[in-house]
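Subject: Structure handover

Hello,

Here is the structure you are taking over. Please open it next to this email and look up each residue as you read.

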Amino acid sequence: MKIMNAMVGTLLLAAAPFAAQAEDMSYSFIDLGYAETDIDNGPTGDGFGLRGSVGFAENFFVFADYLNQDIAGIDFDLYSVGLGGRLEIADSVDLVGRFGYLKAEGESGGFTADDDGYLVSAGVRARPAQQFELEGNVIYRDLGNGADDTAVAVGARYFFTDMFAVGAEYELSDDADTWFAGIRLSF
């Protein structure tokens with residue numbers, strides 16, 4: 001909990017003085033990228049991710065995320081869909097919350113397993129300069145039967161144009177670390 005408070009507080013303090021220089025952030029976008037997961041005391045896996053969001057009614061958005069990775073010979077898919085909202089706390093600094101449905105599937109050698117549950121996240125998204133964006137989130141995922149996890153994620157994006165950006169994110173959870181690097185198309 002101390003890590004989560006420190007991450008969110010640090011991001012707010014760092015972004016606030018520069019926020020007046022930036023433009024509004026888009027909540028309508030598509031991300032495509034490469035992901036690598038390192039499981040604590042276990043194997044490393046990699047694959048790709050596809051995410052999208054569509055903003056509506058000024059302060060709300062719907063989202064969908066898909067991650068596919070091969071981890072030690074297991075083909076692993078993670079899907080999520082849901083609803084989010086934002087609250088502007090300063091120029092180009094938003095508090096962001098998400099709630100959604102979560103599904104995990106794994107397949108290896110003809111054996112398949114799947115489970116579903118939910119996710120809840122809260123964080124800060126800031127654009128301290130016109131071409132630069134920062135994001136920090138605390139994410140809770142629950143697939144039932146004790147399969148829950150809390151993660152802290154931080155990310156940064158560089159915008160070449162208002163519509164095209166490259167970025168990287170790092171997520172630290174109870175049992176694994178995940179890196180994601182990719183491109184974003186905003187609309």
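Below is what was found in it, from the overall fold down to single residues.

Overall fold

Please keep in mind that this is a predicted model. The protein has 187 residues, and 42% of them are buried. Its secondary structure consists of 10 strands and 1 helix. The helix comes at the N-terminal end of the order, and the strands follow it: α-β-β-β-β-β-β-β-β-β-β. If you take the contacts between residues at least 6 apart in sequence, 46% of them link residues at least 24 apart.

Cavities

How many cavities of 30 Å³ or more does the structure hold? There are 2.

The largest one encloses about 60 Å³. Its lining is made of D31, R51, R157, A165, V166, G167, A168, E169, F180, G182, I183 and R184. Two strands, β9 (164–173) and β10 (176–186), each contribute at least two of the lining residues. The biggest share is that of β9, which gives 5 residues. By type, this lining has 5 nonpolar, 5 charged and 2 polar residues.

The second largest cavity has about 50 Å³ of space. Around it are D24, M25, Y27, R86, E88, S92, V93 and D94. Here the strands that each supply at least two lining residues are β4 (74–90) and β5 (93–108). This lining divides into 4 charged, 3 nonpolar and 1 polar residue.

Core

The largest nonpolar core has 13 residues. Which of them touch the most other members? They are Y27, F61, L78 and L102. The elements that provide two or more residues to this core are β3 (60–71) and β5.

Y27 is worth finding on the screen, as the residue appears both in this core and in the lining of the second largest cavity. Leaving out residues up to four places away in sequence, Y27 touches S53, V54, G55, F61, R86, D94, V96 and R125. Among these, F61 is also one of the core residues named above, while R86 and D94 also line the second largest cavity.

A side-chain contact

R141 sits in strand β7 (residues 132–142). Its side chain forms a polar contact with the side chain of E171, at 2.9 Å. With neighbours within four places in sequence set aside, the residues in contact with R141 are L102, Y118, L119, A147, D148, D149, A151 and E171. One of them, L102, is again a member of the largest nonpolar core.

Two backbone angles

Most residues other than glycine have a negative phi. Two residues here have a positive phi without being glycine.

N41 has a phi of about 55°. Where is N41 found? It is in the loop between β1 (29–39) and β2 (44–56). N41 counts as exposed because its relative accessibility is 87%, and the cut-off for exposed is over 50%.

A57 has a phi near 50°, also a positive value. This residue lies in the loop between β2 and β3. Is A57 buried or exposed? With a relative accessible area of 59%, A57 is exposed.

That is the end of the handover.

Regards

Notes
Residues numbered from 1 in each chain as written. Predicted model: local features only at pLDDT ≥ 70, side-chain atom pairs only at ≥ 80, totals over all residues. Heavy atoms only, no water. 1 Å grid on protein atoms, 1.4 Å probe; cavity = no way out; pocket = protein on both sides within 12 Å on 5 of 7 lines; lining within 4 Å. Points joined across faces, edges and corners; volume = space filled by probe spheres on them. Helix = DSSP H or I, 4+ residues; strand = E, 2+ residues; numbered from the N terminus. Nonpolar A, V, L, I, M, F, W, Y, C, P; charged D, E, K, R; others polar. Core = buried A, V, L, I, M, F, W, Y, C linked by side-chain atoms within 4.5 Å. Buried < 20%, exposed > 50% of the residue type's maximum accessible area, 1.4 Å probe, protein only. Contact = heavy atoms within 4.5 Å. Polar contact = N/O pair within 3.5 Å; in protein donor to acceptor, adjacent residues only side chain to side chain.
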